[in-house]
Amino acid sequence: MVLWSIVLALIAVVLTLVYYYNRFYSVFKEHGIPYIRSIPFIEAIWKLFFPKGSFAHSMQKTYNVHRDAKYFVQYEFAEPVFFIRDPELIKSISVKNFDHFVNHQTFVIGDLDPLFSKNLFILNDEVWKNVRNLVSPTFTTSKMKAMFPLIQDSARRYGEILSKLPDDQKILELKDTFTRCSNDTIASCAFGITIDSMTDRENLFYMMGRRANNFGKITTFKFFIARYLPFVYRLLRLKIIDANVEKFFEKLVADNIKEREEKGLNRPDMIQLLLDTRAKSSSVEITNMDIASQAFIFVIGGLENVSTQMCFAAYEIGVNEKVQRKLQDEIDDVLANCNGEVTYEALNNMKYLDGIVNEALRMYPIAMFTDRLCTKPFELPPALPGSKPYVIEKGTGIQIPIYAIQRDPRYFKDPEKFIPDRFIGNAKKEIDNGAYIPFGMGPRMCIGNRFSLLMVKIFLFEFFAKCSLKPCEKTTIPMQLTKDVGIMAPQNGFWFKVEPRSKTSLVYVNSATSNTVH
């Protein structure tokens with residue numbers, strides 16, 4: 001009797017799942033909207049912990065299932081998500097009809113994570129708008145130009161160190177070194193402190209920054225709880241950011257502000273810009289915690305992301321001898337014309353360097369996708385010719401698969417090849433089609449993109465002015481991406497042999513050596 005009860009209960013569960021499984025897709029079928037069948041909730045959890053391949057390639061495979069559709073639907077966990085494939089529709093959602101898609105999908109974190117909860121990616125509606133208006137002046141051309149010497153000091157010092165590596169240390173994994181360079185630059189530009197992470201390899205700022213960026217499966221699961229089970233997140237008092245990390249950065253900023261106020265110090269960095277804004281503002285209260293939160297964005301959005309951008313660009317330069325030679329020729333020309341001291345204007349006029357950085361971001365966008373949450377009903381056009389428009393309701397999620405779009409041969413010829421020239425001159429006009437969106441698009445695009453690009457360009461300039469990269473036995477060719485969920489990273493690291501250049505401008509060598517910060 002007990003056995004039959006169990007069997008009947010199982011049959012009832014299966015029939016219920018089948019009923020809901022079919023009902024989920026009936027409305028999309030009626031409107032002619034392509035969809036990918038999946039088992040709600042269960043399949044998403046399975047893919048999270050047991051991925052078959054890299055997240056990027058899995059996204060690309062899904063993207064290619066319905067190649068003629070402007071969009072398609074797939075259930076993620078218990079909710080339908082609309083995957084937008086058409087660049088014009090992406091532009092419409094991100095720019096023209098932004099008021100329908102103001103927010104990202106919500107994470108209910110609140111006061112449990114005071115530093116992280118004020119991240120611009122997390123904030124919504126008017127709060128997001130107010131904070132963005134507060135932070136935006138930090139990234140103007142004049143502010144970037146003021147920060148240029150701070151970034152250059154760190155990059156030049158690392159270029160000098162790497163050009164003088166002893167023979168038994170010339171084969172190295174670039175990510176560690178480039179992350180240390182990013183760390184020291186962010187410490188200087190955002191927090192106003194000087195760090196040397198190559199000499200003091202376990203300095204507290206570096207160690208805490210790495211802990212803050214440790215977004216492994218446990219943290220990913222916390223995000224899942226915050227998104228889909230917010231009451232559980234609050235009940236268990238979970239935190240995205242480790243409490244010790246939080247206390248460290250709060251105290252660091254508070255002490256820094258106190259010292260500036262007592263000694264009358266002034267630096268062209270993030271903290272100073274926010275302090276100046278606080279002094280001028282009479283309508284918006286800016287607390288020390290607010291300043292700490294915005295400075296902390298550099299740690300979360302910059303430390304790992306910028307160093308990874310550097311690594312992918314350096315990887316493609318290192319495995320493409322002609323690209324490396326052409327870049328170094330351009331660097332030498334700039335140094336000759338600038339008497340050995342590259343300026344902000346000269347760096348931003350380097351067409352080939354710009355092409356390399358853009359092409360690396362096309363092939364390896366750090367944000368492989370972005371999302372939006374529908375904040376008021378919006379009518380999507382027909383997904384396919386002859387199908388019906390569809391009105392998505394408030395609360396519906398959409399995703400924009402950046403990696404897959406930027407690898408689509410309809411928008412980029414030979415998308416699997418690294419071709420910097422596609423971003424130079426007349427060739428660049430051919431891809432001005434809305435399909436190149438490594439930082440997103442519209443008001444919600446990454447606010448720190450200019451700072452990120454400036455850091456990457458300065459470091460690549462200083463490094464390849466002094467050094468060359470050569471593939472070694474540990475270099476993986478072609479690139480193989482990791483299976484870690486949501487992370488753009490190589491499976492086996494960025495291994496190369498670093499060699500000093502034999503024909504570097506003598507003027508530059510003397511200038512760089514005399515100005516190196518020790």
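Glu 259 and Lys 263 lie four residues apart in helix α11 (residues 243–263), so about one helical turn separates them. These two residues form a salt bridge in which the closest N and O atoms are 3.3 Å apart. Glu 259 counts as partly exposed because its relative accessibility is 37%, whereas Lys 263, with a relative accessible area of 57%, is exposed. The model described here is predicted, and this pair serves to open an account of its charged contacts, its aromatic contacts and its enclosed spaces.

Side chains of opposite charge can pair when their charged atoms come close. In total, the structure holds 29 salt bridges. One of them joins the side chains of Glu 304 and Lys 175, with an N to O distance of 2.6 Å. This contact links distant parts of the chain, since Glu 304 belongs to helix α13 and Lys 175 to helix α7 (residues 174–191), with their positions 129 residues apart in the numbering. Glu 304 and Lys 175 are both buried.

A further salt bridge is formed by Arg 422 and Glu 359, whose closest N and O atoms are 3.0 Å apart. Arg 422 is located in the loop between α17 (402–405) and α18 (426–430), while Glu 359 is part of helix α16 (residues 351–363); the pair therefore ties together parts that are 63 residues apart in sequence. Arg 422 and Glu 359 are likewise buried. In addition, salt bridges with shared partners join Arg 67, Asp 408 and Arg 410 into one network.

Aromatic contacts were examined next. A pair of aromatic rings is described by the distance of the centres and the angle of the planes. The structure holds 24 aromatic pairs. Among them is the pair of Phe 298 and Phe 451, which is edge-to-face because the planes of the rings stand at 75 degrees, with the centres 5.0 Å apart. Here too distant parts of the chain are linked: Phe 298 lies in helix α13 (residues 288–319) and Phe 451 in helix α19 (residues 449–466), 153 residues apart. Both Phe 298 and Phe 451 are buried.

Phe 463 and Phe 464 form another edge-to-face pair, with 4.8 Å from centre to centre and 85 degrees between the planes. Phe 463 is buried, as is Phe 464. Elsewhere, ring pairs link Phe 191, Phe 205, Phe 248, Phe 249 and Phe 296 into a cluster.

Aromatic rings also take part in contacts with charged side chains. The charged end of Arg 85 sits over the ring of Tyr 63, at 4.0 Å from the ring centre. Similarly, Lys 474 lies over the face of Trp 495, 4.1 Å from the centre of the ring.

Empty space within the model was then considered. Rolling a probe the size of a water molecule over the atoms shows where empty space is left. The second largest pocket contains about 250 Å³ of space. This pocket is lined by 16 residues, of which Met 363, Tyr 364, Glu 416, Pro 478 and Met 479 are the closest to its centre. Helix α13 gives the most to this lining, contributing three residues. By class, the lining of the second largest pocket comprises 10 nonpolar, two polar and four charged residues.

Three cavities of 30 Å³ or more are present in the structure. The largest cavity holds about 50 Å³ of space. Its lining consists of Tyr 315, Thr 475, Thr 476, Met 479, Gln 480, Pro 490, Gln 491, Asn 492, Gly 493, Phe 494, Trp 495 and Phe 496. Of these residues, six are nonpolar and six polar, and none is charged. Trp 495 thus appears both in this lining and in the contact with Lys 474, while Met 479 lines the largest cavity and is also listed for the second largest pocket.

The second largest cavity has a volume of about 40 Å³. It is lined by Gln 309, Phe 312, Ala 313, Val 357, Ala 360, Leu 361, Tyr 364 and Val 456. The elements that give two or more residues to this lining are α13 and α16. Seven residues of the lining of the second largest cavity are nonpolar and one is polar, with no charged residues. Tyr 364 borders this cavity and is also one of the residues closest to the centre of the second largest pocket. Helix α13 recurs across these results: Glu 304 of its salt bridge with Lys 175 lies in this helix, as does Phe 298 of the aromatic pair with Phe 451.

Notes: Residues numbered from 1 in each chain as written. Predicted model: local features only at pLDDT ≥ 70, side-chain atom pairs only at ≥ 80, totals over all residues. Heavy atoms only, no water. Phe/Tyr/Trp six-rings, centres within 6.5 Å; stacked < 30°, edge-to-face > 60°. Buried < 20%, exposed > 50% of the residue type's maximum accessible area, 1.4 Å probe, protein only. Lys NZ or Arg CZ within 6 Å of the ring centre and 35° of its normal. 1 Å grid on protein atoms, 1.4 Å probe; cavity = no way out; pocket = protein on both sides within 12 Å on 5 of 7 lines; lining within 4 Å. Points joined across faces, edges and corners; volume = space filled by probe spheres on them. Nonpolar A, V, L, I, M, F, W, Y, C, P; charged D, E, K, R; others polar. Salt bridge = Lys/Arg side-chain N within 4 Å of Asp/Glu carboxyl O.
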